[in-house]
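Me: I would like a close look at one residue in a loop, and then a connected account of the surroundings in the rest of the chain. Please state the cut-off behind each term as it arises.

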Amino acid sequence: MNRLLVIIVTYQGMPWIRRCLDSVFSSSMPADVFLIDNGSDDGCPEFVSANYPQVILNCQDKNLGFARANDIGLRYAIDHSYGYVYLLNQDAWVLPDTFERLAAAFGSGRWGLLSPLQMRPDLITPDRRFKKHYHGTMQPSGDVQPVRFVMAAHWMLSRECLESVGLFSPAFSHYGEDNNYCDRVRTHGFGVGVLPSAVAVHDRQDRKRTKEQRIYLNCQYSKVRLSDPGSSFLLQAVWQPLRQCLMSVRWLSLLPLKNIGRLVREYPSLKRWRKESLGQGAFIDD
């Protein structure tokens with residue numbers, strides 16, 4: 001029951017996939033790997049099939065996005081009674097004791113989702129976006145630090161949490177899904193935390209986002225707030241269009257204004273999925 005399934009979603013992942021997979025198979029805690037390829041044409045799935053026959057490979061003919069692809073692996077974990085699930089980015093890797101330390105920490109409280117410290121490849125500097133949301137100790141403490149949000153580049157979920165919270169919300173395909181999932185974990189009575197004694201790497205290679213990408217992410221935040229079962233839908237339904245008007249001024253861009261109509265049209269679906277996310281094992285049977 002305490003077996004671990006590592007879920008990796010790849011898209012054009014050849015620059016990182018060997019380092020990623022080798023780190024998993026060098027772990028002190030044995031793990032099975034379920035890899036979903038989102039229609040790569042860079043040879044990544046062929047490379048995995050030829051060099052890592054032990055990997056359970058699921059190849060898609062199109063890019064499903066982060067959330068939908070991970071849901072395939074999460075369903076597999078539930079159907080095959082894994083005790084823990086680890087979501088691992090293709091451009092990330094773990095240290096030999098990362099899994100073992102995280103799994104042991106679940107017994108220290110009602111934690112449902114834990115992350116290691118997410119570091120740059122030098123193992124000295126925190127990943128910049130991880131550090132943006134994590135303000136706890138960077139010392140190798142054994143105590144879990146509670147957080148509201150941690151990026152899904154490195155997530156370990158307990159089976160109890162996964163069965164209670166369910167899969168990613170259909171409201172999200174790429175970006176925002178991890179924020180929403182953390183909100184739902186807490187709503188279901190589990191803790192979200194970072195274990196400073198566990199360390200892993202997220203190798204962004206200083207990839208920078210364009211202005212349009214940053215605006216898109218900020219627009220996605222409106223869906224995150226509307227989808228949070230712990231907030232008032234009515235309040236957010238009024239505030240988020242106003243917020244996007246302010247974003248247009250701040251960014252000197254019409255993109256947030258254009259997004260308002262699309263967002264408002266999604267209100268009925270967002271409200272329905274938000275309500276469904278309160279149920280046990282949401283979206284698993286969809």
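What relative accessible area does Ser-81 have, and is the residue buried, partly exposed or exposed?

Reply: Ser-81 has a relative accessible area of 34% and is therefore partly exposed; that class lies between buried, under 20%, and exposed, over 50%, with a 1.4 Å probe and protein chains only. The model is predicted, so local features need pLDDT of at least 70 and side-chain atom pairs pLDDT 80 or more, whereas totals for chains, interfaces and linings use all residues. Numbering starts from 1 along each chain as its sequence is written, and side-chain values rest on heavy atoms, without hydrogens or water.

Ser-81 sits in the loop between H3 and E4. Helices (H or I, at least four residues) and strands (E, at least two) are DSSP runs counted from the N terminus. The backbone of Ser-81 has a positive phi, near 60°, in a residue other than glycine. Leu-123, which is not a glycine either, likewise has a positive phi, of about 60°. Leu-123 belongs to the loop between strand E6 (111-119) and H5, and its relative accessibility of 40% makes it partly exposed.

Another loop residue, Asp-143, is placed between H5 and strand E7 (145-146). Asp-143 is exposed, its relative accessible area being 54%. When residues up to four places away in sequence are left aside, Asp-143 touches Val-194, Leu-195 and Pro-196, a contact being heavy atoms within 4.5 Å. From C-alpha to C-alpha, Asp-143 and Asp-71 are 30 Å apart, with a sequence separation of 72 residues.

The two elements that flank the loop of Ser-81 also take part in the largest pocket. Helix H3 (66-79) and strand E4 (84-89) each give two or more residues to its lining, as do strand E1 (4-10), helix H5 (128-133), helix H7 (177-187), H8 and H9. A pocket is an open set of points on a 1 Å grid over the protein atoms alone, where a 1.4 Å probe fits and protein lies on both sides within 12 Å along at least five of seven lines; a lining residue has an atom within 4 Å of a point. The largest pocket holds about 1600 Å³ of space, a volume being the space filled by probe spheres on the points, which are joined across faces, edges and corners. Its lining comprises 47 residues, of which Arg-129, Tyr-175, Arg-204, Arg-209 and Leu-217 are the closest to the centre. The greatest contribution to this lining comes from H8, with 8 residues.

H8 also serves the second largest pocket, where H8 and H10 each supply at least two lining residues. This pocket has a volume of about 200 Å³. Among the residues that line it are Ile-215, Tyr-216, Lys-258, Asn-259 and Leu-263.

Asn-259 and Leu-263 are also among the buried residues of helix H10 (residues 255-265), together with Pro-256 and Ile-260. These four lie on the same side of H10 because they cover an arc of only 125° around the axis, taken from the directions from the helix axis to the C-beta atoms. The face turned away from the buried side bears Lys-258 and Arg-265, which are exposed. The cover over the buried residues of H10 includes helix H8 (211-227), helix H9 (233-251) and helix H11 (267-276).

Two of these covering helices are joined by an aromatic pair. Across the whole structure there are 12 aromatic pairs, meaning rings of Phe, Tyr and Trp (its six-membered ring) with centres within 6.5 Å; planes under 30 degrees apart are stacked, over 60 edge-to-face and the rest tilted. In one of them, Trp-155 and Tyr-181 are tilted, 5.7 Å from centre to centre with 40° between the planes. Trp-155 is in strand E8 (residues 154-158) and Tyr-181 in helix H7, so this pair links distant parts of the chain, 26 residues apart. Trp-155 is buried at 0% relative accessibility, and Tyr-181 is buried at 1%. Phe-233 and Tyr-267 form an edge-to-face pair, 5.8 Å centre to centre and 75° between the planes. Because Phe-233 lies in helix H9 and Tyr-267 in helix H11, the pair ties together parts 34 residues apart in sequence. Phe-233 is buried at 13% relative accessibility, and Tyr-267 is buried with a relative accessible area of 13%. Ring pairs further join Phe-66, Trp-155, Phe-168 and Tyr-181 into a cluster.
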